[in-house]
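Work through the following exercises with the structure open beside the text, and try each task before reading its solution.

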Amino acid sequence: MSYDPSGSLPASEALFARAKAVTPGGVNSPVRAFNAVGGTPRFIRSAKGAWLTDVDGNEYVDLICSWGPMLLGHQHPEVMAAVSAAIARGTSYGTPTEPEVELAEELVRRAPVEEVRFVSSGTEATMSAIRLARGFTGRDVVIKFAGNYHGHVDSLLASAGSGLATFAVPGTPGVPASSTELTLVLPYNDRAAVEAVFAEHGPRIACLITEASPGNMGVVPPLPGFNRFLSEICTRHGALFISDEVMTGFRASREGYWGIDGLHEEWRPDLVTFGKVMGGGFPAAAFGGRADVMRRLSPEGPVYQAGTLSGNPIATTAGLTTLRLATDEVYAHITHAAEQVKAAIADSFTAAGLPHVIQSAGTMFSVFLDDAPVTDFDGAKRTDERAYAALFHSMLDQGVYLPPSAYEAWFLSSAHDDKAIQQIIDALPTAARAAAATQENK
Ligand SMILES: *Cc1c(COP(=O)(O)O)cnc(C)c1O
């Protein structure tokens with residue numbers, strides 16, 4: 001069934017009402033709720049290739065891709081076959097299994113890590129990496145950047161304090177001040193701020209964590225040399241450099257953002273966190289890095305970390321199969337599809353008089369509705385959220401499911417074929433005019 005723009009949404013509406021009665025906001029992760037754009041989230045019944053089908057039978061080109069993981073699109077036949085075969089053998093044993101070893105070997109081959117430990121979510125990966133960094137260095141202080149998201153770890157749900165080198169305050173109710181009083185939050189891409197806090201707090205700093213290329217405030221790549229600078233200043237002060245590749249890993253490029261940023265350079269992160277693509281659509285994530293650091297983890301070392309479903313055989317089979325299928329051709333396809341979509345955005349937004357900046361990190365991109373390039377969170381916040389909401393709903397009405405927030409990357413997959421790309425391109429001019437109209441009567 002194809003999309004019917006005149007159709008109402010009785011099934012999604014009814015499910016959302018039921019969901020809200022039993023789940024806060026009707027969703028199990030806040031951004032799904034459409035709070036930023038208004039309206040009713042579509043309840044998806046099935047997905048295949050580049051397409052989502054909702055419970056009312058409407059079809060949409062999927063630009064969320066499960067927030068990154070579905071690099072190969074939905075129901076890739078080889079991933080489905082491998083997962084089905086794994087399920088037929090049993091679903092969880094609480095013992096070591098072969099797929100875990102194979103996936104770990106694949107990560108070690110592709111990414112700048114010597115050893116890895118599996119967990120079930122990106123949040124667990126960053127939380128565990130920070131504990132390990134503190135355990136390894138015997139220090140307490142953690143540096144992060146504003147607008148970088150590392151999951152809902154207490155110590156990282158922090159807002160900058162009153163001055164640059166002052167400690168952070170909780171970013172949400174429920175996080176005690178004692179959880180953020182060892183966190184420093186700095187403006188992204190700001191070398192001087194990093195130098196200042198290392199000068200003041202150097203001997204106390206356990207680690208600095210940064211997205212390899214931020215994608216959670218929209219796509220805001222590091223300025224040239226910034227990651228290398230971070231790595232070197234950490235090394236100089238005996239702190240660990242944690243590169244969070246949960247979003248970019250095996251997505252921005254075959255290796256992750258590292259493949260773009262540092263493959264031939266003489267530096268590497270001490271620890272790296274992974275998730276999203278490496279789980280192939282299942283709950284799997286990991287952290288890894290230098291062998292001497294990783295060996296401080298229990299049971300080999302004293303730093304405790306554990307997980308009942310960590311390295312689950314179904315999840316690791318899905319991840320392993322996805323990574324094995326993620327060849328150079330897959331990234332070339334996604335790059336080409338992204339170029340087509342970005343060109344159509346530029347044309348239609350310009351024609352509509354809608355200010356915009358398109359920013360990319362490898363195959364990832366996002367669109368800011370403002371006219372200045374964005375290098376940090378303050379810049380990202382200049383985007384016109386109201387215009388984005390109009391853009392979003394017009395695209396949805398035309399059968400294209402964008403991320404329901406102005407601060408997210410638009411994800412494509414190797415299953416986005418000419419038909420899917422054309423549907424996006426055809427929808428953009430009307431959506432751009434709808435967005436521009438919100439700015440005329442400001
Ligand atoms: C999604 C994300 C996380 C959190 O992963 P979850 O699996 O949602 O806990 C952490 N870091 C980055 C960069 C992410 O994009």
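**Exercise 1. Which residues of α13 meet α14, and how is the contact made up by class?**

Solution. In this predicted model, begin on the side of α13, where Arg-386, Ala-387, Ala-390, Leu-391, Ser-394 and Met-395 take part in the contact. On the side of α14 they meet Ile-424, Ala-427, Leu-428, Thr-430, Ala-431, Ala-432, Ala-434, Ala-435, Thr-438 and Gln-439. Next, sort these residues by class, which gives eleven nonpolar, four polar and one charged. Finally, look at the geometry: helix α13 (residues 385-397) and helix α14 (residues 418-440) pack at an angle of about 145°, their axes lie 8 Å apart, and their crossing is right-handed.

**Exercise 2. At what angle do α2 and α10 pack, and which residues make the contact?**

Solution. First find helix α2 (residues 77-89) and helix α10 (residues 313-325), whose axes are 9 Å apart and which pack at an angle of about 155°. Since angles over 145 degrees count as roughly antiparallel, α2 is roughly antiparallel to α10. The crossing in which α2 passes α10 is right-handed. Then list the contact: α2 contributes Glu-78, Val-79, Ala-82, Val-83, Ala-86 and Ile-87, while α10 contributes Ile-314, Thr-317, Ala-318, Thr-321, Thr-322 and Leu-325. Sorted by class, the residues of this contact are eight nonpolar, three polar and one charged.

**Exercise 3. Is the crossing of α3 and α10 left-handed or right-handed, and which residues meet there?**

Solution. Start with the axes of α3 and α10, which come within 9 Å and cross at roughly 35°. The crossing of α3 and α10 is left-handed. In α3 the residues to mark are Pro-99, Glu-100, Glu-102, Leu-103, Glu-106, Leu-107 and Arg-110, and in α10 they meet Pro-313, Thr-316, Thr-317, Gly-319, Leu-320, Leu-323 and Arg-324. The classes in the contact of α3 with α10 are six nonpolar, three polar and five charged.

**Exercise 4. What is the strand order of the open sheet of seven strands, and which helices lie across its strands?**

Solution. Follow the sheet from one edge to the other, and the order reads β4-β12-β11-β10-β9-β5-β8, with mixed pairing. The edge strands, β4 (115-119) and β8 (183-186), each pair on one side only. From one strand to the next, the twist averages 20°. As an example of a pair inside the sheet, take strand β5 (residues 141-145) and strand β9 (residues 205-211), which run parallel and are joined by three bridges; here Val-141 stands opposite Ile-205 in β9. Now add the helices: α3 (residues 98-110) lies across β4, β11 (271-274) and β12 (285-289) and runs at about 130° to β4. Helix α7 (residues 226-236), in turn, lies across β5, β9 and β10 (240-244) and runs at about 150° to β10.

**Exercise 5. Why is one side of β1 and of β15 left without a neighbour in the sheet?**

Solution. A reminder helps first: strands of a sheet pair through backbone hydrogen bonds, either parallel or antiparallel. The open sheet of four strands has the order β1-β2-β3-β15, with mixed pairing. Because β1 (44-48) and β15 (400-401) stand at the edges, each has a single partner strand, and one side of each is left without a neighbour in the sheet. Between these edges, strand β2 (residues 51-54) and strand β3 (residues 59-62) pair in the antiparallel sense over three bridges, and Leu-52 stands opposite Tyr-60 in β3.

**Exercise 6. Where are the cis peptide bond and the positive phi of Trp-67 found?**

Solution. The cis peptide bond runs from Ser-298 to Pro-299, with omega near 10°, and Pro-299 is found in the loop between α9 (291-294) and α10. Trp-67 lies in the loop between β3 and α2; its phi is near 65°, a positive value in a residue other than glycine.

**Exercise 7. How many helices and strands are there in the protein, and how compact is it?**

Solution. Counting gives 14 helices and 15 strands. The radius of gyration is 22 Å, close to the 22 Å that the globule rule gives for 442 residues, so the protein is as compact as a globular protein of that length. Along its principal axes, the C-alpha trace spans about 60 × 55 × 45 Å.

Key
Residues are numbered from 1 along each chain as its sequence is written. This is a predicted model: local features need pLDDT of at least 70, side-chain atom pairs count only at pLDDT 80 or more; totals for chains, interfaces and linings use all residues. Side-chain values use heavy atoms; hydrogens and water are left out. Two strands pair if DSSP finds at least two bridges between them. Helices (H or I, at least four residues) and strands (E, at least two) are DSSP runs, numbered from the N terminus. Axes are lines fitted to C-alpha atoms, for helices over the stretch in contact, and angles run from 0 to 180 degrees between N-to-C directions. Contact means heavy atoms within 4.5 Å. Angles under 35 degrees count as roughly parallel, over 145 as roughly antiparallel, 65 to 115 as roughly perpendicular and the rest as oblique. A crossing is left-handed if the near helix is turned anticlockwise from the far one by less than a right angle, and right-handed if clockwise. Ala, Val, Leu, Ile, Met, Phe, Trp, Tyr, Cys and Pro count as nonpolar, Asp, Glu, Lys and Arg as charged, and the others, Gly among them, as polar. The radius of gyration is taken over C-alpha atoms; the globule rule is 2.2 Å times the number of residues to the power 0.38.
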